[in-house]
Structures are given as C-alpha cells and as structure tokens.
Amino acid sequence: MPSQDEINEMHARIIKLVSESGRRYENEKAVDDVWILNIKQGRSIINILHHLNKTFILIRFRFDLNENDKKLLKSSLNNATELSDFEYDLRTAITSQDINYLIRREKCARDLDIPVGFDIISRAFPFEEEFNIDKFDKAIQNVINFGVLGISFLKTKVISSKELAEMLESMSTSPLGMYG
C-alpha cells in the first residue's frame with residue numbers, strides 16, 4: 001500500500017493530468033476513505049475516485065434519466081419480455097472489455113424493475129511507472145464514449161414524438177442542408 005506522501009503526490013499528478021488533457025476540475029473532496037475529483041467534460045461531470053487503500057483509481061461517468069423520461073420509459077415497457085429485450089440491448093450498447101457498468105433500476109406499476117440510469121466505470125493505475133497522460137485520457141474517453149452510447153440508446157426509447165418532430169424539422173431546415 002502506498003504511503004500518505006505517495007498518495008498525495010498521485011492526487012496532485014492526477015489534477016495536473018486533468019489540466020494537461022484540456023479538462024478542468026470542478027471540485028476535490030474526501031468522503032470517508034475515498035478521494036473524489038469531479039472533472040468537467042462538455043456538459044458532463046466525470047468522477048475520479050481513489051479508495052485510499054487501493055493502488056488504482058476509478059473513472060466514472062454517471063447518467064440518470066430525468067423524471068419525465070422515466071415515466072415515458074416505464075409506460076413503453078409493457079411486460080417482462082420487452083424489459084428483457086430492452087436490457088439486453090442496453091447492455092450491448094455499453095459493454096466493452098475496457099469498462100464496467102452498473103445499471104440502476106426502479107420498480108414500476110407492473111412490478112418490473114426498469115433501468116433508469118447507469119454508471120460506466122474504468123480503472124487506471126497511476127502508481128505504475130508507465131502511467132501517463134495517454135493512458136489517463138484513454139480511460140476517460142472510454143467512459144465518455146460508452147456513456148454517450150448508453151445515453152443515446154436510452155433516449156431513443158424515451159424520445160417523445162414531439163421531440164422527434166422538432167429534431168427532424170431542425171435537420172430539414174438547416175441552411176446547409178442534410179449533409180452540410
């Protein structure tokens with residue numbers, strides 16, 4: 001297990017890598033035995049988590065459907081077979097050998113556990129000598145890329161016909177045309 005000085009150096013190095021990768025960190029805090037660094041990536045927040053007794057960090061992308069989207073999804077899945085097919089497709093969208101995922105669920109009126117959000121998680125090993133900005137950035141990009149795939153999949157299930165019409169309208173009225 002690393003010493004406290006080594007841990008502090010590693011945390012400072014992670015903050016420096018965040019900056020070098022063109023991202024900025026929102027805040028840094030310690031909760032129990034976990035150091036947490038929240039970084040901004042576009043409109044998303046990515047969490048860097050370091051359990052102080054571990055030699056690796058977790059990089060987490062978290063997504064939750066809003067209440068309106070949850071209602072739409074709950075109303076669109078009518079039975080266990082539809083739910084099973086939906087979950088299989090969601091898992092397929094967010095599965096990779098480089099990441100792990102956790103799907104959060106809520107019960108709905110038909111006594112089905114409906115997926116309402118997920119975490120995409122990647123590991124990085126900052127105490128290893130060969131750990132560098134490329135490995136760090138790749139771990140962040142993995143969680144972002146699979147997070148976006150998961151969001152896209154969930155949104156296709158809950159997008160309202162009004163939103164779809166607005167999207168199609170904005171595509172067809174683009175001053176540059178469909179192909180820019």
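**Fold and salt bridges of the predicted chain**

Among contacts between residues at least 6 apart in sequence, 55% join residues at least 24 apart. This comes from a predicted model, and the chain has 180 residues, of which 37% count as buried. On the secondary-structure side there are 5 helices and 6 strands, and reading along the sequence gives the pattern α-β-β-β-β-α-α-β-β-α-α.

The strands come together as an open sheet of 6, in the order 1-2-3-4-6-5 and with antiparallel pairing. Strand 1 (24-31) and strand 5 (100-107) sit at the edges, each pairing on one side only. From one strand to the next, the twist averages 25°. At the strand 5 end, the partner is strand 6 (residues 113-124), and the two pair in the antiparallel sense over 8 bridges. Within this part of the sheet, glutamate 106 stands opposite isoleucine 114 of strand 6.

Two of the helices can be placed against the sheet. Helix 1 (residues 4-20) lies across strand 1, strand 2 (34-41), strand 3 (44-51) and strand 4 (57-64). Its direction runs at about 5° to strand 2. Helix 2 (residues 67-76) also packs on the sheet, but it touches strand 5 and strand 6, and its direction makes about 115° with that of strand 6.

Now for the charged side chains. The structure holds 13 salt bridges, and a few of them are worth walking through. One stays inside helix 1: lysine 16 bridges to glutamate 20, with the closest N and O atoms 3.5 Å apart. The two residues are 4 apart in that helix, so about one helical turn separates them. Lysine 16 counts as exposed because its relative accessibility is 52%, while glutamate 20, at 44%, counts as partly exposed.

Other pairs reach between elements. Lysine 74 forms a salt bridge with glutamate 106, and here the closest N and O atoms are 3.0 Å apart. Lysine 74 belongs to helix 2 and glutamate 106 to strand 5, so this pair ties together parts that lie 32 residues apart in sequence. Glutamate 106, the residue that stands opposite isoleucine 114, is partly exposed, with a relative accessible area of 27%.

Strand 5 also takes part in a salt bridge between glutamate 87 and arginine 105, whose closest N and O atoms are 2.8 Å apart. This pair links distant parts of the chain, with glutamate 87 in helix 3 (residues 80-93) and arginine 105 in strand 5, 18 residues apart. Glutamate 87 has a relative accessible area of 9%, so it counts as buried; arginine 105, at 34% relative accessibility, counts as partly exposed. Some salt bridges share partners, and in this way Arg62, Asp64, Arg104 and Asp119 are joined into one network.

Aromatic rings show up in the picture too. The count of aromatic pairs comes to 4. In addition, the charged end of arginine 123 sits over the ring of phenylalanine 56, 4.2 Å from the ring centre.

Notes:
Residues numbered from 1 in each chain as written. Predicted model: local features only at pLDDT ≥ 70, side-chain atom pairs only at ≥ 80, totals over all residues. Heavy atoms only, no water. Pairing = 2+ DSSP bridges. Axes fitted to C-alpha atoms, helices over the stretch in contact; angles between N-to-C directions. Contact = heavy atoms within 4.5 Å. Salt bridge = Lys/Arg side-chain N within 4 Å of Asp/Glu carboxyl O. Buried < 20%, exposed > 50% of the residue type's maximum accessible area, 1.4 Å probe, protein only. Phe/Tyr/Trp six-rings, centres within 6.5 Å; stacked < 30°, edge-to-face > 60°. Lys NZ or Arg CZ within 6 Å of the ring centre and 35° of its normal.
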